[in-house]
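Me: I am new to this structure. Please take me through one part of it closely, step by step.

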Amino acid sequence: MLELAAGLADTGLMAAPLVGESGRLIVTDFTPEMVAAARRRAEELGVQNTEFRVLDAERMDLATDSVDGVLCRWAYMLMIDPSAAFAETRRVLRPGGRLAFSVWAARERNPALALVGGVLESQGHIPPPDPGAPSAFAMADRGRIRELVVGAGFAEPGIEEVSFRWPFADRDGYWRYVTETSASTSPVLRALAPEMQNKVREQVHEAARPYRSGEGYDFPALCLNAVTY
Ligand SMILES: C[S@@+](CC[C@H](N)C(=O)[O-])C[C@H]1O[C@@H](n2cnc3c(N)ncnc32)[C@H](O)[C@@H]1O
């Protein structure tokens, strides 16, 4: 089982027990620090049937037909050339092997991720999103998912909506999340002068008001999960 763009491998390390002791999970990401952190996480959890590799999903250093299954959560839509990544996925999967992946549904359904971009855009700090460019919401459309998956040589995928709650215990925790984890907006926020950053922070908290819960927030979130057969 291959996990692509694994980050800390939350998904792959949940799948590791399912492949059994004779099976093997290959956790990969193109960021060496992520791979190192995923390895530490696996050690903490005592997961053993796993190997860790730095691997670019758009050009995989893996043999054709070499894996039984591929997992990828929240990453294909961030890749510069998703067509290449899906073609590479098809190439390394053995015939009959399955791909399961998750991408974010529309921005309106994912306020925890979308609010800060909306505020930065309304203030002129970032341009309006380019629908063709990589972003959290670049595959929020079922037609786009089908186009990429079928275009890579897979059969028609099954696609389902999966909703969940995304809580933050306090407002500062949410602000830390938006300033530290988004490849697109965090660098913009951090580059703002302190008073401007404070202004944006107040506007983000104002925009998040409908989701307030206790000291923090409880956001709705929605993914599109796809599987090939
Ligand atoms: C939003 S994170 C998701 C991480 C993890 N899958 C999860 O669900 O928590 C996106 C990850 O994709 C990785 N990534 C982006 N483009 C990639 C590529 N072309 N090849 C491999 N990893 C990539 C990044 O390094 C990052 O770890």
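**F219 and its surroundings**

Reply: Start with F219, which has a relative accessibility of 0% and therefore counts as buried, the limit being under 20%. Keep in mind that this is a predicted model.

Now look at the partner rings. A pair of aromatic rings is described by the distance of the centres and the angle of the planes. The model holds 17 aromatic pairs. Take F168 with F219: the ring centres are 5.9 Å apart and the planes stand at 80 degrees, so this pair is edge-to-face. The angle falls in that class because it is over 60 degrees. The pair joins distant parts of the chain. F168 belongs to strand β6, residues 158-168, and F219 to strand β8, with their positions 51 residues apart. F168 is buried as well, because its relative accessible area is 11%, under the 20% limit.

F219 also pairs with Y211. Here the centres are 5.3 Å apart, the planes make an angle of 40 degrees, and the pair is tilted. Y211 has 23% relative accessibility, so it counts as partly exposed.

Step back to the wider group. F168, Y211 and F219 belong to one aromatic cluster, whose members also include W74, W104, F164, W166, Y174, Y177 and Y217.

Next, P167. This residue lies in strand β6. P167 counts as exposed, because its relative accessibility of 54% is over 50%. Leaving aside residues up to four places away in sequence, P167 touches Y217 and D218. Y217 is one of the cluster members. The C-alpha atom of P167 is 9.1 Å from that of A112, a residue 55 places away along the chain.

Now follow the cluster to W74. The charged end of R73 sits over the ring of W74, 4.0 Å from the ring centre. Both R73 and W74 help to line the second largest pocket.

What space does that pocket hold? Rolling a probe the size of a water molecule over the atoms shows where empty space is left. The second largest pocket has about 220 Å³. Its lining also takes in T11, M14, L71, C72, A100, F101, S102, N225 and A226. Four elements each give at least two lining residues: α1 (10-15), β4 (67-73), β5 (93-104) and β8 (216-227). Strand β8 is also the strand of F219. By type, the lining has seven nonpolar residues, three polar and one charged.

Methods. Residues are numbered from 1 along each chain as its sequence is written. This is a predicted model: local features need pLDDT of at least 70, side-chain atom pairs count only at pLDDT 80 or more; totals for chains, interfaces and linings use all residues. Side-chain values use heavy atoms; hydrogens and water are left out. On a 1 Å grid over the protein atoms alone, a cavity is a set of points where a 1.4 Å probe fits but cannot get out, and a pocket is an open set with protein on both sides within 12 Å along at least five of seven lines; lining residues have an atom within 4 Å of a point. Grid points are joined across faces, edges and corners, and a volume is the space filled by probe spheres set on the points. Ala, Val, Leu, Ile, Met, Phe, Trp, Tyr, Cys and Pro count as nonpolar, Asp, Glu, Lys and Arg as charged, and the others, Gly among them, as polar. Rings of Phe, Tyr and Trp (its six-membered ring) pair if their centres lie within 6.5 Å; planes under 30 degrees apart count as stacked, over 60 as edge-to-face and the rest as tilted. Buried means under 20% relative accessible area, exposed over 50%, partly exposed in between (1.4 Å probe, protein chains only). A charge sits over a ring if NZ of Lys or CZ of Arg is within 6 Å of the ring centre and within 35 degrees of the ring normal. Contact means heavy atoms within 4.5 Å.
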